[in-house]
Amino acid sequence: MKKIIFIVSALSISLAVGISSCNNKSNENSTPVLDTVSLSGKNFALAYQDGNKIVATSIDTMKQISFGGATHPAISPDGNKLAYTVTDSAGNKSIWVADLENKSQQQLHADSQQFDQASWSPDGQTIAYQIQTKNGWKIGATRIDNTHNIILDEHSRTGYFGATWKNDKEIIAQDLTNLYSYDVSGKELSKQLISGLIGKQLTVAAGNLFFYSSEGEHIIFSADNNEILPGSEKTGAAIYILDLKSKAVRRISPQNTDAPDLFVTGDDRIFFSGSKKHSESTKIYISDLKGNIKVLVDKGTYPTAALK
């Protein structure tokens with residue numbers, strides 16, 4: 001599939017992000033430069049990483065913009081905002097939010113010099129993320145107006161990973177052993193043994209994510225398996241769907257494909273990246289809950305999408 005990046009034309013947009021080298025404290029006084037015209041009506045509905053740049057595109061990939069200096073993109077459910085990670089010269093990571101309509105930008109506030117991997121709430125008002133604290137890795141959440149900042153289970157020694165959203169008020173996280181649901185005040189709502197959900201043949205790492213389907217009857221997740229990839233001695237990851245009623249687990253991603261990155265929209269479209277060999281480009285796929293898959297982008301990782 002040919003990817004089209006426009007520079008200057010009647011149908012094109014250029015987007016450049018310049019990042020100042022600074023620590024977390026100085027980041028608050030130093031803003032990346034976003035140089036772009038209004039993106040209103042341009043139907044940018046997908047964002048992903050391509051090497052050292054971020055790409056935002058229409059779902060058919062026919063209109064596309066790209067910029068460097070940032071990683072781990074997360075497009076908002078309405079497609080109007082883009083969250084991304086900035087890494088300074090000291091290796092500190094922080095999340096910034098760009099409004100693609102009016103070109104404004106701001107840093108998300110968090111009490112750490114290491115926070116990353118933004119995840120939007122379905123209403124687009126709150127961002128959950130991975131954050132390093134004195135007690136290890138946790139899940140934090142901050143409203144985009146930088147109010148109501150919380151860290152889940154902040155004072156325990158348990159490490160939490162993989163922030164996603166079940167709905168506007170429930171954050172999903174895992175600690176490699178259990179799957180949790182928390183409300184936006186930080187109260188634990190549920191705790192389930194992961195092996196009791198997905199079986200003991202699959203294992204979960206820090207980067208694996210769990211998403212609930214819109215009707216709440218399925219969990220779409222990534223997990224490591226025992227499949228040795230061609231040309232490699234290591235096992236890969238795959239995308240699966242768990243039917244909570246029947247307890248059946250079904251694979252979605254293709255066989256002999258390492259699929260580490262997963263994103264599921266509120267309307268149950270499944271996006272993931274995958275490669276058949278470690279040496280080849282990682283493609284981005286789209287699937288529905290029935291497993292009807294097609295390649296969406298020929299080269300990319302960390303896909304994230306807006307609602308239709």
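Let me start with one residue: H148 sits in the loop between β12 and β13, the latter covering residues 150-151. Before going on, note that this is a predicted model.

What is the phi of H148? It is near 55°, a positive value in a residue other than glycine. For background, most residues other than glycine have a negative phi. As for exposure, H148 has a relative accessibility of 44%, so it counts as partly exposed, the class between under 20% and over 50%.

There is a second residue to put beside it. L176 is found in the loop between β15, residues 170-174, and β16, residues 178-183. Its phi is near 80°, again a positive value in a residue other than glycine. L176 has 41% relative accessibility and therefore counts as partly exposed.

Back to H148, which takes us to the empty spaces. Rolling a probe the size of a water molecule over the atoms shows where empty space is left. How many cavities of 30 Å³ or more does the structure hold? There are three. The largest cavity has a volume of about 40 Å³, and H148 is one of the residues lining it. The other names on that lining are T126, A141, T142, R143, I150, W165, I171 and V184. Which strand gives the most to this lining? That is β12, residues 136-143, with three residues. By class, the lining of the largest cavity divides into five nonpolar residues, three polar and one charged.

Now the pockets. The largest pocket has a volume of about 590 Å³. It is lined by 31 residues, and those nearest its centre are H72, Q117, G207, L209 and Y302. Several strands supply at least two residues each to this lining, among them β6 (71-75), β10 (115-120), β11 (126-133) and β12. The list also includes β14 (161-167), β22 (258-264) and β26 (301-305). Sorted by class, the lining of the largest pocket has 18 nonpolar, nine polar and four charged residues.

The second largest pocket has a volume of about 390 Å³. Its lining has 25 residues, and P122, W165, V264, T265 and G266 are the closest to its centre. W165 has already come up, in the lining of the largest cavity. The elements giving two or more residues to the lining of the second largest pocket are β6, β10, β14, β18, β22 and β26. Which of them gives the most? β14 does, with four residues. The classes here are 13 nonpolar, 10 polar and two charged.

β18 brings us to the last topic, a sheet. Strands of a sheet pair through backbone hydrogen bonds, either parallel or antiparallel. In what order do the strands of this open sheet of four run? The order is β18-β19-β20-β21, and the pairing is antiparallel. β18 (210-212) and β21 (249-251) stand at the edges with a single partner strand each, so one side of each has no neighbour in the sheet. On average, neighbouring strands of this sheet are turned by 35° against each other, direction ignored.

Inside the sheet, β19, residues 218-228, pairs with β20, residues 235-243, in the antiparallel sense over eight bridges. To find one of these partners in the structure, look at F221: its bridge partner in β20 is Y240.

That is what I have for today.

Methods: Residues numbered from 1 in each chain as written. Predicted model: local features only at pLDDT ≥ 70, side-chain atom pairs only at ≥ 80, totals over all residues. Heavy atoms only, no water. 1 Å grid on protein atoms, 1.4 Å probe; cavity = no way out; pocket = protein on both sides within 12 Å on 5 of 7 lines; lining within 4 Å. Points joined across faces, edges and corners; volume = space filled by probe spheres on them. Nonpolar A, V, L, I, M, F, W, Y, C, P; charged D, E, K, R; others polar. Pairing = 2+ DSSP bridges. Axes fitted to C-alpha atoms, helices over the stretch in contact; angles between N-to-C directions. Buried < 20%, exposed > 50% of the residue type's maximum accessible area, 1.4 Å probe, protein only.
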